[in-house]
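Hi,

Here is the structure I promised to pass on. Have a look at it first, and my notes on the empty spaces and the surface follow below.

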Amino acid sequence: MTDEMQTPASIPPATTGIADPAPLGLAAFALTTFLLSAKNAGWTHGTDAWLGYAFAYGGLAQLLAGMWEFRNRNVFGATAFASYGSFWIGLGLYVLLVAPKAKPAEVSNDLAWILLAFAIFNAYMMLWSTQVNEAVLAVFVTLEATEIILAIGNFSGSGSIVKFGGYVGVLTAICAWYTSAAGVINGMVGNAVLWVGRPLRMGNALANRTAVHGTR
């Protein structure tokens, strides 16, 4: 089986001993997103359970998955996992080092700008995910919605909008977990046990350009 996060044009020749890091990266992203989204949705009543996992799982494990995707010559997977692994580490550092010294309104404004910045990044990754498969596209579409809703909620200081963003974030985590699970079982048995769909069609000119430049 090929890498869950690769475009057809970027699949390198088969190399013995290299496993697909995408299910790990997706699982790390899903779990950390779920924990923070559950807090945003108001479901949890403890402290910041997501914070340690932002460093260890969503951060480090996902960053490692991104580095392994570089080894697999998968520019899309490497960019996605390394960027969002760094996002979780950066968010964790902000919460630990910066937020305690700031006023609540300043923290909300900071978070809104962080989310807006990643929504811009995620927008073009969402477009390029159409050339991976429909399961990966679902992850990026729901993530884009999550980031935009949370950015609006933090800019406006609206707890209800942030809460709704938490619900959409849980949906994002579910999509990522499903795609991870599909990558694990499909890779284990060598065929499609769980559906992930196909890349969406694109124009011939763009297809040819992707085929030439997809891994460079």
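**Cavities, pocket and patch**

Let me start with the lining of the largest cavity: 9 of its residues are nonpolar and 1 is polar, with no charged ones. Keep in mind as you read that this is a predicted model.

That largest cavity holds about 80 Å³ of space. Its lining is made up of 10 residues, and the ones nearest the centre are Phe29, Gln62, Tyr84, Val139 and Phe140. If you want to find the walls by helix, go to α1 (22–40), α3 (75–98) and α5 (134–156), each of which supplies at least two lining residues.

How many cavities of 30 Å³ or more are there? The count comes to 2, so there is one more to go through.

The second largest cavity has about 40 Å³ of space. Around it you'll find Leu35, Lys39, Thr44, Thr47, Asp48, Ala49 and Trp50. Here the elements giving two or more residues to the lining are α1 and α2 (49–71). Its lining splits by class into 3 nonpolar, 2 polar and 2 charged residues, whereas the lining of the largest cavity has no charged residues.

Then there's the open space. The largest pocket comes out at about 510 Å³. It is lined by 25 residues, with Leu36, Asn40, Leu91, Leu111 and Leu150 closest to the centre. Four helices are worth colouring for this one: α1, α3, α4 (104–128) and α5 each give two or more residues to the pocket lining. By class, that lining has 17 nonpolar, 5 polar and 3 charged residues.

Finally, the outside. Which residues form the nonpolar patch on the surface? They are Leu24, Leu60, Leu64 and Trp68, and together they have about 360 Å² of accessible area. Helix α2 gives the most to this patch, with 3 residues.

Trp68 is one to click on while you're there: this patch member sits in helix α2. Is Trp68 buried, partly exposed or exposed? Its relative accessibility is 44%, so Trp68 counts as partly exposed; the class runs between the 20% and 50% cut-offs.

If you only have a few minutes, I'd look at the pocket and its centre residues, such as Leu36 and Asn40, and then turn to the patch with Trp68.

Cheers

Conventions: Residues numbered from 1 in each chain as written. Predicted model: local features only at pLDDT ≥ 70, side-chain atom pairs only at ≥ 80, totals over all residues. Heavy atoms only, no water. 1 Å grid on protein atoms, 1.4 Å probe; cavity = no way out; pocket = protein on both sides within 12 Å on 5 of 7 lines; lining within 4 Å. Points joined across faces, edges and corners; volume = space filled by probe spheres on them. Nonpolar A, V, L, I, M, F, W, Y, C, P; charged D, E, K, R; others polar. Patch = residues over 30% accessible without salt bridge, like charges linked within 9 Å, V, L, I, M, F, W, Y side chains within 5 Å. Areas by Shrake-Rupley, 256 points an atom, 1.4 Å probe, with all protein chains shown as cover. Salt bridge = Lys/Arg side-chain N within 4 Å of Asp/Glu carboxyl O. Buried < 20%, exposed > 50% of the residue type's maximum accessible area, 1.4 Å probe, protein only.
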